[in-house]
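Colleague: I am new to this structure. Please take me closely through one part of it, and show me how the rest fits around that part.

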Amino acid sequence: MTDLLTLENIGNLLVLCFLQAVLGFDNLLYISIESQRAPVAQQAAVRKWGIVIAVALRIVLLFAMIRLIDALAEPFFVLNWDGVLTGGVNFATLVFIIGGVFIIYTAVKEISHMLAIEHLGTDVEGKSGKSAAHVVMLIVFMNLIFSFDSVLSALAITDVFVVLATAIILSGLAMLLLADRVTEFIKANRMYEVLGLFILLIVGIVLLGESGQAAAHAMHDPDLALRFFGYEVVPMSKTTFYFSVVVLVAVEVIQSGYTRKLNAERRTAARH
C-alpha cells in the first residue's frame, strides 16, 4: 500500500481526475439528454443505474485493456485501395467509428424529432417512447464508447491499475452528483437541449476523426493512418472542440438575451 502512495502516483491521480472531468462533460450531457426519453417517474433511477453500471464496466474495460493492449493495437486488416481508401483498422478504429456514427445518428434524430409538429413518441401520461431498461442500456453502451478515448489517454499517463480505477470511480461519483442538476437545468431551459444536441453532433465528428489515427498511434506507424482520396483523417484537437462548444454556448446565450429584449420591446409597443 505504501508503494502506491508515492508523489508520482498522487500526481498522476490528480491529472487523471482532471482528464476524466474534461473528457466526461460530453458523456454527462448525453446521459442528461437521453435519460429524458425514459418514463418520467423512472428518469432519476435510469441516470443513477446507467452511470453505476457504466462505471463498473469501464473498470472492467480498463483491466482488459491493460492486459490485452498489444492485441487491441494490432490492425485487423490494412486497407490498400490506392488513391481512394488506405490505412490500418484495429479495435479502437471500429469503436470510434461505431460510436461516432451512433452519436451523430442520435443527435440528428432528436433534432428532427424536435422539429416535428407532433411528438409521436410521447403519450398523454408524459411517458417517453423508450423503456427505462432500453435507456439504461443506451447510456451504458455510450458511456463505454465515450470512455474509450479517456481510457486510452489515461493509459498514456500511467499503467498502475489502482490509480486508474480510483480516477474512474471518482469521476463516476461526480457524474452521479451532477447528472440530476444538469438534467433539471436542461428541463428548465429547453432551448439548451438543442444546444446540447449540436454539441453531441460535434462529439460524433470528433470520434470519427479519432478513428483515423487509432491504428497509427497504437503501432507508432504513420503509414497506418486512414486516408480518403489521399487526404489523411486528422482528429479534431480538444482545444478546437472546447472552443467550438464555447462559441455555441455564447451564441445561444446572446440569442436568448436578444430574443427576450425583442419580446419586451414588442410588449411595450403593444401597450402603447
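Modeller: One term before we start. A polar contact is a pair of N or O atoms within 3.5 Å; within protein, one atom must be able to donate a hydrogen and the other to accept it. Take Thr 268 as a quick example. Thr 268 sits in helix 8. A polar atom of its side chain lies 2.9 Å from the backbone oxygen of Ala 264. That distance is within the 3.5 Å limit. Thr 268 is partly exposed, because its relative accessibility is 37% and the class runs from 20% to 50%.

Now the setting. This is a predicted model. The pLDDT averages 75, and 75% of the residues score at least 70. One stretch, residues 119–128, falls below 50. That stretch still has 14 contacts in the model beyond near neighbours in sequence. Where pLDDT is low, predicted coordinates should not be read in detail.

The protein has 272 residues, and 41% of them count as buried. It contains 8 helices and 4 strands. From the N terminus, the order is α-α-α-β-β-α-α-α-α-β-β-α. Contacts often link distant parts of the chain: among those with a separation of 6 or more, 82% join residues 24 or more positions apart.

The part I would look at closely is the sheet. Its 4 strands form an open sheet in the order 1-2-3-4, with antiparallel pairing. Strand 1 (77–81) and strand 4 (231–232) are the edges, each paired on one side only. In general, the strands of a sheet pair through backbone hydrogen bonds, either parallel or antiparallel.

Start with strand 1 and strand 2. They form a hairpin with 3 residues between them. In the turn, Gly 83 has a positive phi of about 80°. The two strands pair over 5 bridges, in the antiparallel sense. Here Trp 81 stands opposite Leu 85 of strand 2.

Next comes the link from strand 2 to strand 3. Strand 2 covers residues 85–89 and strand 3 covers residues 227–228. They are antiparallel too, paired over 2 bridges.

Thr 86 shows how this works at one position. It belongs to strand 2. Its bridge partner in strand 3 is Arg 227. Leaving out residues up to four places away in sequence, Thr 86 touches Leu 79, Asn 80, Trp 81, Ala 225, Leu 226 and Arg 227. Is Thr 86 buried or exposed? Thr 86 counts as buried, because its relative accessibility of 17% is under the 20% cut-off. Its strand follows suit: 4 of the 5 residues of strand 2 are buried, so the rest of the structure largely encloses this strand.

Leu 226 leads us on to the helices. It is also a contact of Ser 211, along with Thr 93, Phe 96 and Ile 97, once neighbours within four places are set aside. Ser 211 lies in helix 7 (residues 191–219). It is buried, because its relative accessible area of 4% is under 20%. Its side chain also reaches the backbone oxygen of Leu 208 at 2.4 Å.

Thr 93 and Phe 96 are among the buried residues of helix 4. Others there include Gly 99, Gly 100, Ile 103 and Ile 111. At 1.5 Å a residue, the 25 residues of helix 4 should span 36 Å; the end C-alpha atoms are 36 Å apart, so the two agree.

Ile 103 takes us to the largest nonpolar core, which has 22 residues. Ile 103, Ile 199, Leu 200 and Phe 241 make the most contacts inside this core. Helix 2 (25–34), helix 4 (91–115), helix 5 (132–157), helix 7 and helix 8 (238–271) each supply at least two of its residues. Helix 7 gives the most, with 10. Apart from this core lies another, of 18 residues, among them Val 46, Ala 132, Ile 168 and Ala 179.

Notes
Residues numbered from 1 in each chain as written. Heavy atoms only, no water. Buried < 20%, exposed > 50% of the residue type's maximum accessible area, 1.4 Å probe, protein only. Contact = heavy atoms within 4.5 Å. pLDDT = per-residue confidence, 0-100. Core = buried A, V, L, I, M, F, W, Y, C linked by side-chain atoms within 4.5 Å. Pairing = 2+ DSSP bridges. Expected span 1.5 Å × (residues − 1).
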